[in-house]
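Here's a quick walk through one protein chain, going from the overall picture down to a few individual side chains. Have the model open as you read.

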Amino acid sequence: MTEWTPKPNPAVDLRTLALSPEEGFVLSRLDGTTPARNLPALTGLPPERLRVILSRLVTQGALLPTPAPASPPSAFEPQRAASPAPEAPAEETALPVLDLTQQDEDAAPEEGPGAEDEPEAALGNYRQLFEVRLHPLPEDQRVAHAHAAEDPVLSALCFDPVPAVIKAVLENARTGLPHARLVARYHRNPVGLEALCARAAFAADTGVRRWLVRNPQLPASLFRRLWSARRLMELHKVGNDRDVPESTRRSARELLRQRFASGPAEEKVELILNTEGRALAALIGLPVDGKTASLLCGRTYRSPMLIQNIARWSAAPPALIAHLLKQEAVRRQPQLRMLLARHPNAPAEARRGGG
């Protein structure tokens, strides 16, 4: 997949260009850091249409020409002539062959906090625009505006508390991920949040999910529907995030217990090891299957914190307690051996020695 990132040309006065409304919209969504592969989700336009629009923007000088790569071009990199031609006409500016039909599914979870979110100053401007100019309008007029609005009005309408307006915003062809994140962050009506998550592309976005769990009006039923297939580690993080409302944290902890009882053994081991056993405090009374026990017994343990937390876990399988008693870290620290020896699943000889 191409890593080409379209960048606006700062040397060109965009007001002098004859851009169509569609070209102006796409250009307004380019911040110079968003890869081309993310543009279909960001703009809502099909990949074929985006190729044509980006090609025209490069031709008209609105976008910087693609820099020549140092290594030989791949099938997804810009096409270049065998020998450079001086004073090439603008029409001959090459554009990368964009594979926009495939989305990099592994890229979204790697986004850092706040990735592609609007700056706080812009958020303040949008909110002020809504409060001063849009909020006083009747609801039916705001709905009509939402269906056809462009930015900044479209972003301002994401602050509307009425679900009907939010539904109209989501039906706008110009609505993209930045607008979806605004709705997830600021809308306080469960009906509007349900409408947002009905769009699969929005519900799968990392930024949308991050703001949804921090929204105090997120319905427990919607949380369970969206997070029921997430990894155990993700549920643990939500359940312990202090920025998440207590009602959602409670739902995350309940879902974690349910998923731990039937989830894959590899995820259970990942949860226990990555949290150094701290997650076990929320899993009291839940035993593990034989595969999970076998995977845990196949590791070497050096962390005193992890060993202590497993020793305090009443459901720890006997084989794991016996395995921990053989670890070098336990042999060197009598207090760890004593703690393990007192476990109800400890071998009889260890309990006699530890008593």
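The notes below start with the whole chain and then zoom in on selected spots.

## The big picture

Keep in mind that this is a predicted model. The protein has 21 helices and 0 strands. Of its 355 residues, 45% count as buried. The accessible surface of the protein comes to about 18,200 Å², and carbon and sulfur atoms account for 53% of that.

How do the contacts spread along the sequence? Taking contacts between residues at least 6 apart in sequence, 67% join residues at least 24 apart.

## The nonpolar core

In soluble globular proteins, nonpolar side chains tend to be buried together. Here, the largest nonpolar core has 95 residues. Which residues have the most contacts inside that core? They are L196, L212, F223, W227, Y301, I310 and W313.

Take I310 as a case in point. Leaving out residues up to four places away in sequence, I310 touches L280, Y301, A316, L320, L324 and H343. Y301, one of those partners, is also on the list of residues with the most contacts inside the core.

## Rings in helix α12

The count of aromatic pairs in the model comes to 2. One of them is F223 with W227, a stacked pair with 4.9 Å from centre to centre and 15° between the planes. Stacked is the right label because planes under 30 degrees apart count as stacked, and this pair has 15° between its planes.

Where do these two sit? Both belong to helix α12 (residues 220-227), and being 4 residues apart there, they are separated by about one helical turn. Are they buried or exposed? F223 counts as buried at 1% relative accessibility, and W227 counts as buried too, at 3%.

F223 also has a partner in another helix: T248, which is found in helix α14 (residues 246-262). T248 is buried, with a relative accessible area of 3%. Setting aside neighbours within four places in sequence, T248 is in contact with V213, L218, F223 and V238.

## Two arginines over W211

W211 has charged company over its ring. R185 lies over the face of W211, at 4.0 Å from the ring centre. R214 lies over the face of W211 as well, at 5.4 Å from the ring centre.

## Helix α9 and its neighbours

Helix α9 spans residues 190-197, and its buried residues are G192, L193, A195, L196 and C197. L196 is a name you've met already, as one of the residues with the most contacts inside the largest nonpolar core.

What do the buried residues of α9 pack against? The partners are α7 (163-171), α8 (177-186), α10 (200-203), α11 (206-213) and α12. At the start of α9, a side-chain oxygen of N189 reaches to within 2.9 Å of the backbone nitrogen of V191.

## N9, ahead of the helices

Now for a polar side chain in the segment before α1 (21-28): that's where N9 sits. N9 is buried, with a relative accessible area of 17%; the cut-off for buried is under 20%.

Which backbone atoms does the N9 side chain reach? A polar atom of the N9 side chain lies 3.1 Å from the backbone nitrogen of A11. The backbone oxygen of G61 lies 3.3 Å from a polar atom of that side chain. Leaving aside neighbours within four places in sequence, N9 is in contact with G61, A62, L63 and L64.

How values were computed:
Residues numbered from 1 in each chain as written. Predicted model: local features only at pLDDT ≥ 70, side-chain atom pairs only at ≥ 80, totals over all residues. Heavy atoms only, no water. Phe/Tyr/Trp six-rings, centres within 6.5 Å; stacked < 30°, edge-to-face > 60°. Helix = DSSP H or I, 4+ residues; strand = E, 2+ residues; numbered from the N terminus. Buried < 20%, exposed > 50% of the residue type's maximum accessible area, 1.4 Å probe, protein only. Lys NZ or Arg CZ within 6 Å of the ring centre and 35° of its normal. Core = buried A, V, L, I, M, F, W, Y, C linked by side-chain atoms within 4.5 Å. Contact = heavy atoms within 4.5 Å. Areas by Shrake-Rupley, 256 points an atom, 1.4 Å probe, with all protein chains shown as cover. Polar contact = N/O pair within 3.5 Å; in protein donor to acceptor, adjacent residues only side chain to side chain.
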